[in-house]
Amino acid sequence: MDSESLDARRFLLLEDSLGEGEPPCHTILVSSNFFEAPPQAYQPWIDVRHSATDALNSMRRQAELEPHNLPVLVMLDLDLPRITSLSFLQTLRQDPGLKNLPVMVMAWPEEEGLVRSLYGLGVSAYIIKPVRF
């Protein structure tokens with residue numbers, strides 16, 4: 001994907017795990033699969049949020065003030081602290097300004113059955129996390 005065709009914060013990544021001084025592991029996964037570049041090169045186009053509440057609040061503000069700047073894809077880590085991915089998806093799908101956003105779930109191989117059950121909540125796609133990054 002060409003950087004000229006991207007606007008700031010085009011992807012929202014809801015990721016809970018962080019390494020000290022390192023980009024989130026899923027940013028590495030997304031950068032290498034979508035952009036074929038190191039994560040630092042495309043960091044401005046990936047809006048990383050570390051809590052579901054923060055992600056929902058941010059998207060609601062965007063929907064109200066700048067709906068054209070909503071993410072083109074929400075990438076959701078299946079393992080979230082505090083609020084479950086299921087709750088996040090239900091809340092997202094009930095919000096009139098956010099309900100049509102495409103959502104891709106990232107899961108571990110043993111969670112594949114659970115991910116498939118989330119299609120009923122409007123998950124667009126899922127990817128299985130590699131065992132090692």
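Leaving aside its neighbours within four places in sequence, which residues is Leu101 in contact with? They are Met59, Leu70, Pro71, Val74 and Arg93. The model behind this answer is predicted.

## The chain as a whole

The chain has 5 helices and 5 strands. Along the sequence they follow the pattern β-α-α-β-α-β-α-β-α-β. The chain holds 133 residues, and buried ones make up 42% of them.

Consider the contacts in the chain with a separation of 6 or more. Of these, 63% are between residues 24 or more positions apart.

## Leu101 and its surroundings

Leu101 sits in the loop between H4 and S4. Its relative accessible area is 9%, so Leu101 is buried, the cut-off being under 20%. One of its contacts, Met59, also takes part in the contact of H3 with H4.

Another pairing can be given as a distance. Leu101 and Gly122 are 21 residues apart in sequence. Their C-alpha atoms are 9.1 Å apart in space.

## How H3 meets H4

Two packed helices are described by the angle between their axes and the distance between the axes. Here, H3 covers residues 52–65, and H4 covers residues 85–94. The two pack at an angle of about 15 degrees. Their axes are 11 Å apart. That angle makes H3 roughly parallel to H4, because angles under 35 degrees count as such. The crossing of H3 past H4 is right-handed.

Which residues make the contact? From H3 come Ala52, Ala55, Leu56, Met59 and Arg60. From H4 come Phe88, Thr91 and Leu92. Sorted by class, the contact has 6 nonpolar, 1 polar and 1 charged residues.

## Gln62 and Asn69

Gln62 lies in helix H3. Is Gln62 buried or exposed? Its relative accessible area is 12%, so Gln62 is buried. A polar atom of the Gln62 side chain lies 3.3 Å from the backbone oxygen of Asn69. Gln62 can also be placed relative to Leu98, which is 36 residues away along the chain. The C-alpha atoms of Gln62 and Leu98 are separated by 9.7 Å.

Asn69 is found in the loop between H3 and strand S3, which spans 73–77. With a relative accessible area of 22%, Asn69 is partly exposed. Asn69 and Arg10 are 59 residues apart in sequence. In space, the two are 7.2 Å apart, C-alpha to C-alpha.

## Ser85 in helix H4

Ser85 belongs to helix H4. Its relative accessibility is 3%, so Ser85 counts as buried. Where does the Ser85 side chain find a backbone oxygen? A polar atom of that side chain lies 3.1 Å from the backbone oxygen of Asp77.

Asp77 also appears among the contacts of Ser85. Leaving aside neighbours within four places in sequence, Ser85 is in contact with Leu76, Asp77, Leu78, Asp79 and Leu80.

## Arg49 in strand S2

Arg49 is placed in strand S2, residues 46–49. At 13% relative accessibility, Arg49 is buried. Which side chain does the side chain of Arg49 join in a polar contact of 3.1 Å? The partner is Asp54.

## Trp108 between S4 and H5

Trp108 lies in the loop between strand S4 and helix H5. S4 covers 103–107 and H5 covers 112–117. Is Trp108 buried or partly exposed? Trp108 is partly exposed, with a relative accessible area of 27%.

Trp108 can be placed relative to Lys129 as well. The two are 21 residues apart in sequence. Their C-alpha atoms are 5.2 Å apart in space.

Note on methods. Residues numbered from 1 in each chain as written. Predicted model: local features only at pLDDT ≥ 70, side-chain atom pairs only at ≥ 80, totals over all residues. Heavy atoms only, no water. Helix = DSSP H or I, 4+ residues; strand = E, 2+ residues; numbered from the N terminus. Buried < 20%, exposed > 50% of the residue type's maximum accessible area, 1.4 Å probe, protein only. Polar contact = N/O pair within 3.5 Å; in protein donor to acceptor, adjacent residues only side chain to side chain. Axes fitted to C-alpha atoms, helices over the stretch in contact; angles between N-to-C directions. Parallel < 35°, antiparallel > 145°, perpendicular 65-115°, else oblique. Left-handed = near helix turned anticlockwise from the far one by under 90°. Contact = heavy atoms within 4.5 Å. Nonpolar A, V, L, I, M, F, W, Y, C, P; charged D, E, K, R; others polar.
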